[in-house]
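Okay, thanks everyone, I'll keep this short. Have a look at the screen, and then I'll walk you through a few things I picked out.

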Amino acid sequence: MKQFEDTTGRVWRMSVTVNTIKRVRDLVGIDLAEADEAVFTRVLGDPLELVNLLFVLCQPQAAEDGVTDEQFGESMSGETIDAAVDAFLEELVGFFPQPRRGLMAKALKRSQELIEKGTGLIDARMQDPRIEERMSQEMDKAWDDELAALGS
């Protein structure tokens with residue numbers, strides 16, 4: 001059983017079992033037993049869907065502690081989410097027997113690589129000096145269009 005700490009200092013315990021996988025499928029619509037690289041890339045890249053998934057994983061403890069999904073979401077950000085994802089991925093990979101465990105580990109690693117690559121590409125493009133020039137041109141055009149519309 002893995003654990004992580006939220007921004008309020010609460011320690012959350014997470015375990016992936018057959019019942020956990022069923023609960024996630026029923027409540028979030030993600031079949032962790034059949035998930036592939038594309039599913040993990042989508043979920044890991046979408047903080048809202050990811051935190052919903054994490055809440056469902058922690059739902060028994062949340063119910064026991066009287067923590068709502070809104071309160072859980074309020075206590076999740078940045079490094080907290082990173083720690084929760086690490087705990088989740090370790091638990092998920094550990095759930096499967098070999099050889100599926102090895103395949104799952106590779107799929108998750110590949111998903112993380114794709115997200116990092118995409119983030120790197122976005123960062124590189126944002127560093128391109130032409131982006132500022134292009135944004136300035138677009139804002140000037142929008143402003144001119146707005147003024148023209150007001151004048152007619």
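So, α1: the buried residues there are Thr 20, Ile 21 and Val 24. Look down the axis of α1 and those buried residues fall within an arc of 100 degrees, so they line one face of the helix. That fits the usual helix arithmetic: with 3.6 residues a turn, residues three or four places apart point the same way. Flip to the other side of α1 and you find Val 18, Asn 19 and Leu 27, which are exposed. I should say right away that this is a predicted model.

What sits over the buried residues of α1? The cover includes α3, residues 47-57, and α6, residues 78-95.

Now come off the end of the helix. Just after α1 there's Gly 29, with a positive phi of about 80 degrees. Then, in the loop between α1 and α2, we get to Asp 31, and I'd like to stay there for a moment. Is Asp 31 buried, exposed or something in between? Its relative accessible area is 29%, so we call Asp 31 partly exposed. The side chain of Asp 31 has a polar atom 3.1 Å from the backbone nitrogen of Ala 33. And Asp 31 also reaches back to the helix: leaving out residues up to four places away in sequence, Asp 31 touches Ile 21 and Arg 25. Ile 21 is one of those buried α1 residues from a minute ago. Asp 31 and Ile 21 are 10 residues apart in sequence, and C-alpha to C-alpha they're 6.9 Å apart in space.

Next along is α2, residues 37-44, where Phe 40, Val 43 and Leu 44 are buried. These cover an arc of only 90 degrees around the axis, which puts them on the same side of α2.

Okay, zooming out. The protein chain has 8 helices and 2 strands, and from the N terminus the two strands come before the helices. The radius of gyration is 21 Å, well over the 15 Å that the globule rule gives for 152 residues, so the chain is more spread out than a compact globule. The C-alpha atoms fill a box of roughly 65 × 40 × 30 Å along the principal axes.

As for burial, 30% of the 152 residues count as buried. Even so, if you take the contacts with a separation of 6 or more, 64% of them are between residues 24 or more positions apart. And the chain exposes about 9,900 Å², with carbon and sulfur atoms supplying 53% of that. That's me done.

Note on methods: Residues numbered from 1 in each chain as written. Predicted model: local features only at pLDDT ≥ 70, side-chain atom pairs only at ≥ 80, totals over all residues. Heavy atoms only, no water. Buried < 20%, exposed > 50% of the residue type's maximum accessible area, 1.4 Å probe, protein only. Helix = DSSP H or I, 4+ residues; strand = E, 2+ residues; numbered from the N terminus. Arc of directions from axis to C-beta. Contact = heavy atoms within 4.5 Å. Polar contact = N/O pair within 3.5 Å; in protein donor to acceptor, adjacent residues only side chain to side chain. Rg over C-alpha atoms; globule rule 2.2 N^0.38 Å. Areas by Shrake-Rupley, 256 points an atom, 1.4 Å probe, with all protein chains shown as cover.
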